[in-house]
Amino acid sequence: MSRTRGPRTVWRALPSPRFPLTCWPWRSAGYLISGALAGAAVLVVTVTGAVVGGALSVVLIGLPLLALLALTGIPVAALERRRLGLMGPVPAPDPHRRPAEPGLRSWAACRFRERATWWELGYALLFAVVLWPLDALAVAVCTAVPLAMLSTPVLMEVYGDGSEFRVVKLWTVTTWPEAFAAAACGLVLLLLGSYALGTLAGARAELTRLLLTPGPAGPDERVMELARSRVRLVDAFEAERRRIERDLHDGAQQRIVALTMMLGLARLDAPPGPLADQLTRAHEEAGKALAELRELIHGIHPQVLADYGLQAAVADAAERSVIPVGLDVELTGRFPEAVEAAAYFVVCEALANVARHSGASRAEVRGGHRGGRLFLEIHDDGRGGASTSGGGSGLTGLADRVSVLDGRLALSSPAGGPTRLRVEIPCEWTDRSA
């Protein structure tokens, strides 16, 4: 036997003549009563906090309390979103973003910059001053008054000595027929009040949903969210690079080293002949594979960059270049890991292009940090003609990598040379001591 489900919202249940017999009058009454109680509590907390914070702010003690009071809307809005579950199955989404970093400081900074925080504070003030008295009034008019009229005969017997009783302090009944007539009117008003209660509670819930549900994000908010997601992707990419480098260094490289040692020992023990020649070739190939793997690991994330910073890594790249490279780099501090990695690979790719394509006899690398921006310049005395227009060129990939960090890459390479590559990335010094 199938089970019929009732209406999922109060608006769908209201047109039914069986509405007073459903759960929706009870849910509507519970929603409005809980709103009245919560609103009264918010009023007490808000007024107390404002008075105490204003009094103490003279001596700068109450300023943190006033800042905390500005965040009052967040728990109030969270409570209101949960109370909306009484009026329908559709949840109200939370408009707040996750802070970029853990900790109270990052959380507070994120919340104070959000528009939703101030919307919720405004709602909390409206809730404490206007909405909860209306909730209480609606419950009193639609429920308390009809119930008082419905209980007139009982109250007249208990408190009126069976002769006289004032109904809801408005009019007096002196006979039992009048008392039962008042009870009948109370029953009718209670049935009609259930419809009014459902309508008022539904309207109240829709107002709450309208004020606390985030609307469509504006262009500026979408741009900011895209920028934050881009930074998260860069951090995840760098973390994955480091993981691959660690796995290769601790896993595959160690196995090849062990294999090379075993082949070397076998080569020493083998008697002269074809077997010794094969072991010699195998030992040489293992050594080449080990060298290539070490070069690959160095290219993924060089240890000198992780341990000593960008200046030492750039100097190491210049030393390993096949053409002479002059250095004029002042980057003694540390920068964010993604910035250091991007800048280092720009230098490596640029020097590799100089060696492969430019025909230059010398290159120079300059770098520094001024005005909150890291800059690096690589120029050579080659024949020029380099371009970033090719979809598959390494320079195009470098430009994309730098742009992810809000940086820019500029290339000047006229025919006949010289070629000058400049990259700028906005960043600040960072502390790696922890």
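These are my notes on the sheet in this predicted model and the helices that pack on it.

**Ground rules.** Local features need pLDDT of at least 70 and side-chain atom pairs count only at pLDDT 80 or more, while totals for chains, interfaces and linings use all residues. I number residues from 1 along each chain as its sequence is written, and side-chain values use heavy atoms, with hydrogens and water left out.

**Inventory.** I looked up the elements and got 14 helices and seven strands (DSSP runs numbered from the N terminus: H or I of at least four residues for helices, E of at least two for strands).

**The sheet.** Five strands make an open sheet, ordered 3-4-5-7-6, with mixed pairing; I call two strands paired if DSSP finds at least two bridges between them. At the edges I have strand 3 (325-329) and strand 6 (408-412), each paired on one side only. From one strand to the next, the twist averages 10 degrees.

**Strand 3 against strand 4.** These two run parallel, and five bridges join them, with strand 4 covering residues 363-370. I checked Gly326 and found it opposite Glu364 in strand 4.

**Helices on top.** Helix 12 (residues 310-320) packs on the sheet, touching strand 3, strand 4 and strand 5 (373-380); contact means heavy atoms within 4.5 Å. Its direction makes about 170 degrees with that of strand 3 (axes are lines fitted to C-alpha atoms, for helices over the stretch in contact, and angles run from 0 to 180 degrees between N-to-C directions). Helix 13 (residues 337-358) lies across strands 3, 4, 5 and 7 (the last being 419-426), at about 10 degrees to strand 5.
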